[in-house]
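Biologist: I am new to this structure and would be grateful for a close look at one charged side chain and its partners. Please then set that part in the context of the rest of the chain.

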Amino acid sequence: MKHFLQRFFLACCLACVCLGSTAYSQSSNQSRSFKAGKSAFDSFRYMDAIGSLSRVLVADSSNVEAMEMLAYSFRQTKRYPEALRWYEKLSQTKPLKAEWALFYAEALATDQQYEKSENWYRAYLRLIPADRRALAFARSNPGAFANEATFWRVSLTDLNTSASEYGPVFYKNGLLFNSNRVTEHPVKRVFPWDNTPFTNLYYINDLKRIRTMNDHSIGSYLKRPSLGWKQNDDDTAPTSNDSKTLGQFDPSVYGDSTGASPVLNNGIELLRGNVNSKYHEGPAAAFPDGSIIFTRNNYFRGRAGQSEKGINKLKLYIATGNKLGTISEFPYNSDEYSTGHPALTPDGNILVFSSDMPGGYGGTDLYYSVRSGSQWTRPINLGKQINTEGNEQFPSISAEGVLFFASTGHPGLGGLDVFQVSLVNMRPSGAPRNMGTPINSSKDDFGFIRTADGKSGYFSSNRGGNDDIYHFEQATYRVILEGRVTDGRSRLPLAGSRLLLRTLDGTDTVHTNARGEFRLDMKKETDYEITAQKLGYVNQLVFRSSIGIETDSVVRTDVQLFKTESSQQYVISNCDSLKRVFAVESIFYDLDRDEIRADARRSLDKLAALMRAHPEMSVITSSHCDSRASEEYNRNLSMRRGMSARSYLISRGISGSRIKVEYYGKTRLLNRCYDGVICSEADQQLNRRTEFDVILNGVNLSQLDCDEL
């Protein structure tokens with residue numbers, strides 16, 4: 001496969017791509033090859049197009065139209081090195097088309113040429129300034145996606161053959177997945193996109209029967225030359241045209257004389273019932289009662305349907321009954337657009353799926369529909385925070401409401417990457433987060449599912465050249481931040497409260513569930529500044545850290561929020577102007593000293609004058625050290641620094657009751673000058689400081705984000 005939906009949808013958009021015309025040789029052979037190549041290209045028969053167009057370009061290397069079709073054909077069949085070669089040639093052709101720049105940038109990323117890819121995303125952005133995707137990729141830092149590379153252990157499974165396996169989904173006690181393997185009979189029909197067999201749904205009834213193997217042992221077996229296996233891919237067709245001519249089947253996919261693929265796991269069987277047909281069956285999802293909803297070409301009750309343009313789209317079908325014998329259509333299917341890649345909440349009442357229906361943001365978007373009795377509500381787009389100008393596909397939903405999906409439109413490592421985002425009332429609680437390596441790679445990574453405890457699961461990837469199913473499991477300890485946000489007086493849970501989690505790497509956002517609860521994984525050796533927010537309540541700031549934790553741990557953080565009074569609401573409503581009035585400078589210290597320096601005295605004198613003029617004002621001093629010396633020593637040193645600042649303010653006539661001292665040692669560095677890291681003295685100086693939070697009418701003005709109020 002290589003994206004059951006992606007090729008299909010991209011092909012459907014192909015009619016909108018205007019391939020520039022250019023002169024070509026008038027020799028009869030070349031003319032025939034060009035016509036054959038263009039005919040195959042227009043019919044989405046990309047493997048046939050590659051053969052014909054390659055012959056054209058051997059004779060006339062300047063034929064831009066042939067070059068463009070060839071590059072796109074390699075792209076659609078996921079032959080990335082060849083696509084990169086031809087898009088590089090097109091990138092040197094004038095005038096430059098916007099899609100050439102975009103596809104070249106994407107091809108460079110699959111080859112891990114990230115700096116060059118970023119430059120070409122910028123070139124595309126200059127041509128299409130409104131494309132949010134290009135701006136995000138141009139600003140991204142692929143190195144950041146390796147921050148937790150050691151957290152997961154990834155292994156190939158013995159579900160794989162030399163054909164394509166992808167789209168795992170938990171089903172009963174086992175696993176459903178898709179494959180275009182050939183196990184018994186010679187192939188009679190092939191998928192003309194790339195001349196490979198059509199996919200079916202397979203089932204293994206017990207997860208315990210799935211074995212994992214390292215890349216070398218399983219990979220060398222599946223792809224050893226003596227088997228003659230092609231590292232093929234397969235996807236859902238934009239047309240249901242097939243061929244009964246065995247000779248048109250790509251011979252490099254053959255196994256033995258019967259066409260059978262070598263199978264490592266003998267516990268796998270075709271899914272029984274009426275689900276599998278002679279065309280593609282794709283990704284599925286399971287209801288609690290054992291029924292399933294699955295993707296298939298527009299083929300129902302023995303009839304293949306087409307759009308007005310003659311294209312066979314994808315549709316969602318529901319299989320019910322003890323033997324999955326009753327098939328019905330999802331009510332929002334259409335002959336004119338595709339629906340596919342279903343995911344269900346654990347109760348089976350909310351469906352998330354991918355579609356290119358009109359009104360979306362890009363190629364394919366994610367939508368959701370709610371089941372009420374036997375009816376489904378009209379699909380709702382999950383919004384531009386999730387959906388992009390690219391393709392969003394292969395969703396899954398965890399028990400705690402985390403959406404996992406694959407995307408080409410959010411910044412990643414190349415191809416499809418897996419992302420996650422928490423949903424609250426089916427709205428994203430923040431920006432989707434790239435899951436990083438080793439889940440993601442420079443190739444296509446998709447179809448991610450996770451067990452209920454979050455410690456293991458499965459996903460699909462073509463990082464080995466072929467679509468395979470991988471198993472992942474937690475490889476190291478896990479630090480979980482969990483807690484509850486409640487009303488400070490009634491103690492009732494505050495559902496939908498927002499928590500901003502700031503670290504040196506940026507800010508993440510989570511929302512509480514209906515019980516006011518939140519739960520997430522903390523990064524290793526990281527300090528967190530956590531701001532709890534709820535409309536009509538005063539923000540609450542807390543600090544937590546995973547530094548020094550080296551075993552599976554839970555950091556419990558319960559937060560109480562209090563409703564704003566009229567005086568507090570005044571502070572919130574006038575946030576910007578009050579911040580300008582009550583701006584307070586930090587002060588700094590010499591190495592291993594707690595004395596107030598001359599430059600600090602000037603800042604403290606200004607603060608004292610401000611506090612004398614505004615008796616409603618109080619401050620919190622937060623004192624810090626650089627990373628040198630032990631944790632205990634630095635904590636004591638930071639305490640002395642805070643007390644020195646307090647004593648100085650008292651000496652200037654400020655009551656000690658208006659000054660609260662907090663000290664953090666070396667746990668809240670402003671940069672990455674960790675213990676043992678070589679840093680300049682100027683960078684170390686930034687960490688030897690006392691900061692001042694201004695408190696007005698019980699509101700921490702310094703921690704307010706005026707743009708978010």
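**A charged side chain and its setting**

Modeller: Arg 519 counts as exposed, its relative accessibility being 51%. That value lies just on the exposed side of the cut-off, since a residue is called exposed when over 50% of its relative area is accessible. Please keep in mind throughout that this is a predicted model.

With which residue does Arg 519 form a salt bridge? The partner is Glu 482, and the closest N and O atoms of the two are 2.6 Å apart. Glu 482 belongs to strand β26 (residues 479-487) and Arg 519 to strand β29 (residues 517-521), so the salt bridge ties together parts of the chain that are 37 residues apart in sequence.

A second pair belongs to the same part of the picture. Asp 558 and Arg 556 meet through their side chains in a salt bridge, at 2.9 Å from N to O. Both of these residues are partly exposed: Asp 558 has a relative accessibility of 47%, and Arg 556 has a relative accessible area of 45%. The two pairs do not stand apart, for salt bridges with shared partners join Glu 482, Arg 519, Arg 556 and Asp 558 into one network. As a general matter, side chains of opposite charge can pair when their charged atoms come close.

How many salt bridges does a search of the whole structure find? The search finds 38. One of them makes a useful companion to the network: Glu 329 and Lys 315 meet with 3.5 Å between N and O. Here Glu 329 lies in strand β12 (residues 326-329) and Lys 315 in strand β11 (residues 314-320), so this pair ties together parts that are 14 residues apart in sequence. In this pair Lys 315 is buried at 7% relative accessibility, whereas Glu 329 is partly exposed at 30%.

Covalent links come next. A disulfide is a covalent bond between the sulfur atoms of two cysteines. The whole structure holds two of them, and, with the bonded cysteines counted along the chain, they follow the pattern 1-4, 2-3. One joins Cys 575 to Cys 706, with an S to S distance of 1.8 Å. This link spans distant parts of the chain, as Cys 575 sits in helix α11 and Cys 706 in the segment after β38, 131 residues apart. The torsion about its S-S bond is about -70 degrees, so the disulfide is left-handed. Cys 575 is buried at 3% relative accessible area, and Cys 706 is buried at 15%.

The other disulfide joins Cys 673 to Cys 679, with 2.3 Å from S to S. A torsion of about -110 degrees about the S-S bond makes this disulfide left-handed too. Cys 673 is buried at 2% relative accessibility, while Cys 679, at 24%, is partly exposed. A further cysteine, Cys 625, is buried with a relative accessible area of 2%.

Helix α11, which holds Cys 575, also has a part in covering another helix. Helix α10 (residues 566-573) has Gln 568, Val 571 and Ile 572 as its buried residues. Seen down the axis of α10, these residues fall within an arc of 100 degrees, so they line one face of the helix. On the other side of α10, Ser 566 and Ser 573 are exposed. The cover over the buried residues of α10 includes α11 (575-581), β37 (689-696) and β38 (699-700).

On the surface, Leu 504, Tyr 674 and Val 677 make a nonpolar patch of about 230 Å². Leu 504 is placed in the loop between β27 (498-503) and β28 (506-511), and its relative accessible area of 37% makes it partly exposed.

Finally, the chain as a whole. The protein chain contains 14 helices and 38 strands, and 57% of its 709 residues count as buried. Among contacts with a separation of 6 or more, 62% are between residues 24 or more positions apart. The accessible surface comes to about 30,300 Å², and carbon and sulfur atoms account for 49% of that surface.

Terms used. Residues numbered from 1 in each chain as written. Predicted model: local features only at pLDDT ≥ 70, side-chain atom pairs only at ≥ 80, totals over all residues. Heavy atoms only, no water. Buried < 20%, exposed > 50% of the residue type's maximum accessible area, 1.4 Å probe, protein only. Helix = DSSP H or I, 4+ residues; strand = E, 2+ residues; numbered from the N terminus. Arc of directions from axis to C-beta. Contact = heavy atoms within 4.5 Å. Disulfide = S-S within 2.5 Å. Patch = residues over 30% accessible without salt bridge, like charges linked within 9 Å, V, L, I, M, F, W, Y side chains within 5 Å. Areas by Shrake-Rupley, 256 points an atom, 1.4 Å probe, with all protein chains shown as cover. Salt bridge = Lys/Arg side-chain N within 4 Å of Asp/Glu carboxyl O.
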